[in-house]
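Please look over the chain shown here before reading on. The briefing below covers confidence, salt bridges, the nonpolar core, and selected strands and helices.

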Amino acid sequence: MPTSLPDRTETSADSAPETRYVYKASLIGSAHEFKLTDAGLSWHISGKSGVWAYADIAAIRLSYKPSSMQSRRFRADLQGRDGGRITILSTTWQTVSLMVPQDRDYRAFITELHRRMAKAGSKAALIAGIGRITYAAALAMVTLLGIAMAGLLVRAFATGEWYGALFLVGFVALFSWQIGGFIKRNRPRSYDFDHLPDALLP
């Protein structure tokens, strides 16, 4: 059963094209389905459904959230004026060991959602990255780990442990590539409807 469906255009000349996005958040359970309609964001999640008018979406947070199963995963968290929350992920589960990216469909859906919200005169808070406290804690952890690794590397060179030093250099390079990308992409900031954060879209 496909988890990503193409955009669909209504036959009525008075209606705008309808954009759909589907993903499975877990292997067990039904797919999460979203549609951008004239009335607003239509959603169907775990047997529940509803429609949020574009003007009633109070906030959107875009972030980069890699996982052990998929290193390239993006996330959009939506909050309604009534306090409801919706999460949209750029990946979908297919098998027990396979989480598949849906980069093109996710980017198209999120971009079109912002366009329709802007057209509806939305005053939603548009937030990029993770929370400021979480980001500060991540920076502090990375700094402490960097200091510790530097100390170990200096000690390895001083004692002639060349294999140990080579291992540390490789570890630091891998760590910098993975964690550095997470930190850089998820820097807390705001954005506007005309300038979506490209680093937080696949």
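A salt bridge is counted when a side-chain nitrogen of Lys or Arg lies within 4 Å of a carboxyl oxygen of Asp or Glu. By this rule the count comes to 7 salt bridges, and Arg20, Glu33 and Lys35 are linked in a network of them.

**Basis of the model**
- This is a predicted model, in which local features need pLDDT (the predictor's confidence in each residue, from 0 to 100) of at least 70 and side-chain atom pairs count only at pLDDT 80 or more, whereas totals for chains, interfaces and linings use all residues.
- Residues are numbered from 1 along each chain as its sequence is written, and side-chain values use heavy atoms, with hydrogens and water left out.
- The mean pLDDT of the chain is 84, with 86% of its residues reaching 70 or more.

**Salt bridges**
- Arg20 pairs with Glu33 in a salt bridge whose closest N and O atoms are 3.3 Å apart; because Arg20 lies in strand S1 and Glu33 in strand S2, the pair ties together parts that are 13 residues apart in sequence (helices, H or I of at least four residues, and strands, E of at least two, are DSSP runs numbered from the N terminus).
- Arg20 is buried at a relative accessible area of 16%, while Glu33 is partly exposed at 24% (buried means under 20% relative accessible area, exposed over 50%, and partly exposed in between, with a 1.4 Å probe and protein chains only).
- Glu112 forms salt bridges with Arg115, at 2.8 Å between the closest N and O atoms, and with Arg116, at 2.8 Å from N to O.
- Glu112 and Arg116 are 4 residues apart in helix H1, about one helical turn, and Arg116 counts as buried at 7% relative accessibility.

**Nonpolar core**
- The largest nonpolar core (buried Ala, Val, Leu, Ile, Met, Phe, Trp, Tyr and Cys residues joined through side-chain atoms within 4.5 Å) has 30 residues, and those with the most contacts inside it include Phe34, Ile88 and Tyr106.
- The largest share of this core, 5 residues, comes from H1.
- Leaving aside neighbours within four places in sequence, Ile88 is in contact (heavy atoms within 4.5 Å) with residues including Tyr21, Phe34, Leu78, Tyr106 and Phe109.

**Strand S10 and helix H2**
- Along S10, Leu126 and Ala128 point to one face and are buried, while Ala125 and Ile127 point to the other and are not.
- The 28 residues of helix H2 (132-159) should span 40 Å at 1.5 Å a residue (the expected span being 1.5 Å times one less than the number of residues), which agrees with the 41 Å between its end C-alpha atoms.
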